[in-house]
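Keep the sequence and the 3D view side by side. The paragraphs below walk through chains, strands, salt bridges and an interface.

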Amino acid sequence: MITTTGLTKVYRSRDRETVALDGVDLHVREGEVYGVVGRSGAGKSTLIRCVNLLERPTSGTVEVAGRDLTALAGRSDRAGSALRTARTGIGMVFQHFNLLSSRTVRDNVELPLEILGVSGRERRRKALELLDLVGLADKARAYPAQLSGGQKQRVGIARSLAGDPKVLLSDEATSALDPETTRSILQLLRDLNQQLGLTILLITHEMDVVKAICDSAALMKGGRIVESGKVTDLLATPGSELAHELFPVGGEPSGEGRTVVDLTFHGEAATEPVISQLSRTYNIDISVLGAALETIGGRQVGRMRIELPGAFEDNVVPIGFLREKGLQVDVAPVAGDELVKEGAK
Amino acid sequence: MSWAEMQPLLSQACWETLIMVGWSTLIAVAGGLPLGVLLVLTDRGGLLRNATVNKAVGVVVNLGRSLPFLILMISVLPFTRWVIGTTIGAEAMVVPLSIGAIPFLARLVETAVREVDGGLVEAVQAMGGSTWTVVRKALLPESLPSLIAGLTTTVIALIGYSAMAGTIGGGGLGDLAIRYGYQRFETSLMLVTIGVLIVIVTAVQLAGDLAARGASHRGRTSTTPRLRLLRPAAATEAS
């Protein structure tokens, strides 16, 4: 639904060049919620602005719903009518809502319809319908200044849907909200994704957002996507940084000469008493350093960090046993040793 | 001088001031509003980035602003004669007053429009709005309270300028005060004229503040212009 190829953005000031995007290839499938995470300055914001060409990429192409927007934009710096028409089919919500304070809630939602040239009565009907959808039908006559942050973002979402978009871009939509409100806004986005088949591309610095609603995710660093894929696949990828960020399991080893192992449980393995089997079979003591259990896309995924007595060489057999049981096993690097990272087959 | 004598002089002078200020305000809005918006749009980072146009407009505006009004008034006399056909009377004075007020208002408009959050511009663009749509739907409505405040300042400045215009034959309240109060030592008329001017300026400021408040929907926390002259009214409304 959204495809970027070799997207590059370089900001030039007088004597400096800043590379904000460094050849980004992004592929968002129709109907999925795709999250791009990264620290501030990683280029997420530039990336999402390049998708509807609020920001002109220095090179590379952007395709949304089968249309090459970069070709529509041409060489001109200003948005021509072809690009503007394409933008009406792409909704966007912002971190700071960007509602017009001079208009009522209903008039704010009507604004994109005015731009589309929809007649007054039809605008009104559609605006009220959308406000109903986001649960703010009773606030139609209020001004944005009278709303809470969460309500403002609901208006922002209603407004972004006015042009019946297939794609919604969300630029840190929940970053200015408290955790409770964040959950309700994410739930709303999830509902819209399922009810309307809306494809959502969101950028965020909060891992919880990805955990809560994303089907796929990408990690950005220094203007590049360093990792991407379906969240469930990422969790199954050994040594995945994103998986580790999403489900951090802490815990320091209790002393030297021990082996620390990170385990990831999927599906059936999650319900098997693997640890106690391991302990009984090899007669070893296992300490659990940290553990987390999450539900991703309706599937339970568990992560656990355990400690086995003895060095890695002494534990080859028990680790082999864990792999046999269908767990994903990552042996944590030992201090002073070379990075020992073993993947599942 | 009795009130019966003063009354016709005063009403004539008020009418002349009204003509001068009224027309020049209208022309100042017609000229200053587009110029102010243009200054913002063509500036670096604006929607119509154009350094040449921005510089050119900026220079013209600064030129108009730096010239003392008295000198501007006299130097445009030939132009006034060409436009109106005469250099005397309230109508003729509309020309220099407008020329003085356009750059004045343009700067105030520029400041007001620049205050509008860039995010709103981005939002309208993301909806598929053109530059004209951004100006019409976001920049102007969002800066309306500040624009009204700027217009109020301009009108009051114009009342002051119009008094100066009286000295070279424009008529109006300033002319009255000088001819009778200063040259004929009619102190009572002078005082009444000052009183009338104070009332007019106060009324304009009050109307401007009320209108700006009415146009603002940002709530009380932000930079809403407060009523400066009518505290009790503001207090009752807040309760």
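A residue counts as buried when its relative accessible area is under 20%, and as exposed when that area is over 50%. The model is predicted. With that cut-off in hand, start at strand 3 of chain A. Val33(A), Gly35(A) and Val37(A) lie on one side of strand 3 of chain A, Tyr34(A) and Val36(A) on the other, and all of them are buried. Both faces of this strand are therefore covered, given the under 20% rule. The strand spans residues 33–37, and 5 of its 5 residues are buried.

Next, the neighbours of that strand. Strands of a sheet pair through backbone hydrogen bonds, in a parallel or an antiparallel sense. Strand 3 of chain A runs parallel to strand 8 of chain A, residues 199–204, and 5 bridges join the two. Within this pairing, Val36(A) stands opposite Ile203(A). Strand 3 of chain A also pairs with strand 9 of chain A, residues 216–221. That pairing is parallel too, over 4 bridges. Here Val37(A) stands opposite Leu219(A).

Now step back to chain A as a whole. Chain A has 345 residues, and 50% of them count as buried. Its secondary structure comprises 12 helices and 14 strands. The C-alpha atoms fill a box of roughly 75 × 50 × 30 Å along the principal axes. Take the contacts in chain A between residues at least 6 apart in sequence: 67% of them join residues at least 24 apart.

Chain A also holds an open sheet of 4 strands, in the order 2-1-4-5, with antiparallel pairing. Strand 2 (17–28) and strand 5 (67–68) of chain A stand at its edges. Each has a single partner strand, so one side of each is left without a neighbour in the sheet. Strand 1 of chain A, residues 2–12, pairs with strand 4 of chain A, residues 59–64, in the antiparallel sense over 5 bridges. One bridge there sets Thr3(A) against Glu63(A) in strand 4 of chain A.

Turn to the charges. Side chains of opposite charge can pair when their charged atoms come close. Over all chains, the count is 24 salt bridges. Lys126(A) and Asp164(A) form one of them, at 2.8 Å from N to O. Lys126(A) lies in helix 5 (residues 120–133) of chain A, and Asp164(A) in the loop between helix 6 (149–160) and strand 7 (167–171) of chain A, so the pair ties together parts that are 38 residues apart in sequence. Is each partner buried or exposed? Lys126(A) is buried, at 11% relative accessibility. Asp164(A) is exposed, at 52%.

Arg190(A) and Asp215(A) meet in another salt bridge, at 3.1 Å from N to O. This pair links distant parts of the chain, 25 residues apart: Arg190(A) is in helix 7 (residues 179–196) of chain A, and Asp215(A) is in the loop between helix 8 (207–213) and strand 9 of chain A. Arg190(A) is buried, with a relative accessible area of 17%. Asp215(A) is partly exposed, at 27%. Salt bridges that share partners also join Arg106(A), Asp107(A), Glu110(A) and Arg123(A) into one network. In that network, Arg106(A) and Asp107(A) meet at 4.0 Å, N to O. Arg106(A) is partly exposed at 21%, and Asp107(A) is partly exposed at 26%.

Finally, the interface. Here 24 residues of chain B are in contact with 25 residues of chain A. The two chains bury about 2,100 Å² between them, 57% of it on carbon and sulfur atoms. Which three residues supply more of the area that chain B buries than any other three? They are Met127(B), Lys137(B) and His217(B), with 31% of that area.

Polar links cross the interface as well. Chain B and chain A share 2 salt bridges and 7 residue pairs in polar contact. Arg49(A) forms a salt bridge with Glu122(B), and their closest N and O atoms are 2.7 Å apart. On the side of chain B that touches chain A, helix 6 (118–126) and helix 7 (131–170) of chain B each supply at least two residues. Helix 6 of chain B gives the largest share, 7 residues. By type, this side of chain B divides into 9 nonpolar, 8 polar and 7 charged residues.

Note on methods: Residues numbered from 1 in each chain as written. Chains lettered and ligands numbered in written order. Predicted model: local features only at pLDDT ≥ 70, side-chain atom pairs only at ≥ 80, totals over all residues. Heavy atoms only, no water. Contact = heavy atoms within 4.5 Å. Buried area = accessible area lost by both parts, 1.4 Å probe. Salt bridge = Lys/Arg side-chain N within 4 Å of Asp/Glu carboxyl O. Polar contact = N/O pair within 3.5 Å; in protein donor to acceptor, adjacent residues only side chain to side chain. Nonpolar A, V, L, I, M, F, W, Y, C, P; charged D, E, K, R; others polar. Buried < 20%, exposed > 50% of the residue type's maximum accessible area, 1.4 Å probe, protein only. Pairing = 2+ DSSP bridges.
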